[in-house]
2 protein chains.
Amino acid sequence: MKVRVLVRLKPGILDVQGTSVKRALAGLGFDDVTDLRIGKVIEVDVEATTAAGARQRADEMCRRLLANPVLEDYTIE
Amino acid sequence: MKVRVLVRLKPGILDVQGTSVKRALAGLGFDDVTDLRIGKVIEVDVEATTAAGARQRADEMCRRLLANPVLEDYTIE
C-alpha cells in the first residue's frame, strides 16, 4: 500500500532553501511569487492490508525517523 | 493563490537518499517497507486571479528552474 508523507519546516522556522529559490525565480522574472517554501515528499510502499494500517505505520516512521519534531511538521496522505 | 509542486526523480533514476532511509527504517524494525522514494514539495504562493493561471505560472517555473528535466518529473496540484 502506497502512502505519501509530506515533511515541511514549521511555520516559524526560516526556510533558507525556499528563500534562495524565491530570489532566483525573481531574477528570472517571476516577481509574482509572494511566498515559496520547500519540503520533502516521501513515498513509502508498506506491506499492509488496510489503508488505515499503512497510515499508522507511516506515522510511526515519521515519529521515529522521517521528521524532526523540533523543526518539522508532517502530514500523511 | 497557492500551488503545490511535487518534484521527484524519474522512475529509472537511482534514489540514493531514499535507499538510505529505507535501510535505516529496516534497522529500526520497519522491515515491511518495500519501496521508499524521496522528492521535493514546493509550495508556491503566486499572485494570480485564477487557479488555472497560477498552475500555468508554476509550470513555467518548473521548466525554467524548479525541476531538472533530465533527472526529474514534476506534478502540479
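This report describes how chain A and chain B meet in a predicted model.

**Ground rules**

Residues are numbered from 1 along each chain as its sequence is written, and chains are lettered from A, with ligands numbered from 1, in the order in which they are written. Local features need pLDDT of at least 70, side-chain atom pairs count only at pLDDT 80 or more, and totals for chains, interfaces and linings use all residues, while side-chain values use heavy atoms and leave out hydrogens and water.

**Confidence**

pLDDT is the predictor's confidence in each residue, from 0 to 100. Chain A averages a pLDDT of 97. In that chain, 100% of the residues score at least 70. For the complex, the predictor gives an ipTM of 0.93 and a pTM of 0.94.

**The interface**

How many residues does each chain bring to the contact? Chain A brings 33 residues, and chain B brings 33 residues. Contact here means heavy atoms within 4.5 Å. The area buried between the chains is about 3100 Å². Buried area is the accessible area (1.4 Å probe) that two parts lose on being put together, summed over both. Carbon and sulfur atoms give 57% of it. In chain B, the residues that lose the most area to chain A are B:Phe30, B:Asp32 and B:Val41. Together they make up 18% of what that side buries.

The rule also finds 16 residue pairs in polar contact across the interface, both residues at pLDDT 80 or more. A polar contact is a pair of N or O atoms within 3.5 Å; within protein, one must be able to donate a hydrogen and the other to accept it, and residues adjacent in sequence count only if both atoms are side-chain atoms.

On the side of chain B that touches chain A, strand 1 (2–9), helix 1 (16–27), strand 2 (33–46) and helix 2 (51–66) each give two or more residues. Helices (H or I, at least four residues) and strands (E, at least two) are DSSP runs, numbered from the N terminus. Strand 2 of chain B gives the most, with 14 residues.

**Strands across the chains**

Two strands pair if DSSP finds at least two bridges between them. Strand 2 (residues 33–46) of chain A pairs with strand 2 of chain B in the antiparallel sense, over 13 bridges. Here A:Val44 has B:Leu36 as its bridge partner. A:Val33 stands opposite B:Val46. Within chain A, strand 1 (residues 2–9) and strand 2 pair in the antiparallel sense over 6 bridges. There, A:Val7 stands opposite A:Lys40.

**Salt bridges**

A salt bridge is a side-chain nitrogen of Lys or Arg within 4 Å of a carboxyl oxygen of Asp or Glu. The structure holds 14 over all chains. Between chain B and chain A the count is 6. The table includes three of them.

| Arg | Acid | N to O distance |
|---|---|---|
| A:Arg57 | B:Asp32 | 2.5 Å |
| B:Arg8 | A:Glu43 | 2.4 Å |
| A:Arg8 | B:Glu43 | 2.4 Å |

A:Arg8 lies in strand 1 of chain A and B:Glu43 in strand 2 of chain B, so this pair joins two chains. The pair of B:Arg8 and A:Glu43 also crosses, from strand 1 of chain B to strand 2 of chain A.
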